[in-house]
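I opened the model to look up its nonpolar packing and then its sheet. My entries follow.

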Amino acid sequence: GMLAGAVTCVALYFLERNIPSWVLFNVIVLGNLVGLGLATLGVSTERIRFLQGIMIEQDKKIYVQLNQHLFKLSQQDTLTGLGNRRNLEYFLSQERFKDTVQDVQYSMALLFIDVDFFKNYNDLYGHQHGDVALMRVAQMLKKLMRPQDLATRYGGEEFVILLDGADRTYAEYIVRHIQKDMAVLNITHAD
């Protein structure tokens, strides 16, 4: 970026082009092709405004995409890849969820899962092994979730699962699978 801008400025100097300082600023500091385009084109007010409009629209698109990405990151637990507590709170605060819950025919199940003796496990085996255990639990939970369900790491070794549209029978079925699959994970513990 900066090197290309400096080379461009040197080339323009030797070509004896009279370029306004603000154009050179675009070339050097921003290091973008628009600045180079301004420097090599005959600089007219209309062209400058046109190119500035393009730059502004591109900047807006980049900021929208960046904000969407940052929002997604803020809703995700980095260790497990599940949603985090903020994600659960956001989901529960959405109007479509509130409207759905008020429907008398709507059913859902909310499961709170706490990994037993996790603090002891962390103390005995270390945090790296604890992290691996949490990731294995999260992977197991992901496999049981349907697209409409929400699995989150609520904090520490606590997980919350929202089974959207699930009745009691389906919720009990999922709880039995979680218990069975936890046993299959075979996360050994000396205590």
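**Core, then sheet**

I looked up the largest nonpolar core (buried Ala, Val, Leu, Ile, Met, Phe, Trp, Tyr and Cys residues joined through side-chain atoms within 4.5 Å; buried is under 20% relative accessible area with a 1.4 Å probe, protein chains only) and found 22 residues in it. Met140, Leu141, Phe159, Ile161, Leu163 and Ile178 have the most contacts inside this core.

The model is predicted: local features need pLDDT of at least 70, side-chain atom pairs count only at pLDDT 80 or more, and totals for chains, interfaces and linings use all residues. Residues are numbered from 1 along each chain as its sequence is written, and side-chain values use heavy atoms, with hydrogens and water left out.

I asked which elements give two or more residues to this core. They are β2, α8 (127-144), β4 and α9 (DSSP runs numbered from the N terminus: helices are H or I of at least four residues, strands E of at least two). The largest share, six residues, comes from α8.

I then listed the contacts (heavy atoms within 4.5 Å) of Ile161, leaving aside neighbours within four places in sequence. They are Ala109, Leu110, Leu111, Ile113, Leu141, Met145, Leu150, Ala151 and Ile178.

Next I checked the sheet. It is open, with four strands in the order β1-β3-β4-β2 and mixed pairing (two strands pair if DSSP finds at least two bridges between them). The edge strands, each pairing on one side only, are β1 (83-84) and β2 (108-114). I noted seven bridges between β2 and β4 (residues 158-164), in the antiparallel sense. Met108 stands opposite Asp164 in β4.

Methods. Buried < 20%, exposed > 50% of the residue type's maximum accessible area, 1.4 Å probe, protein only.
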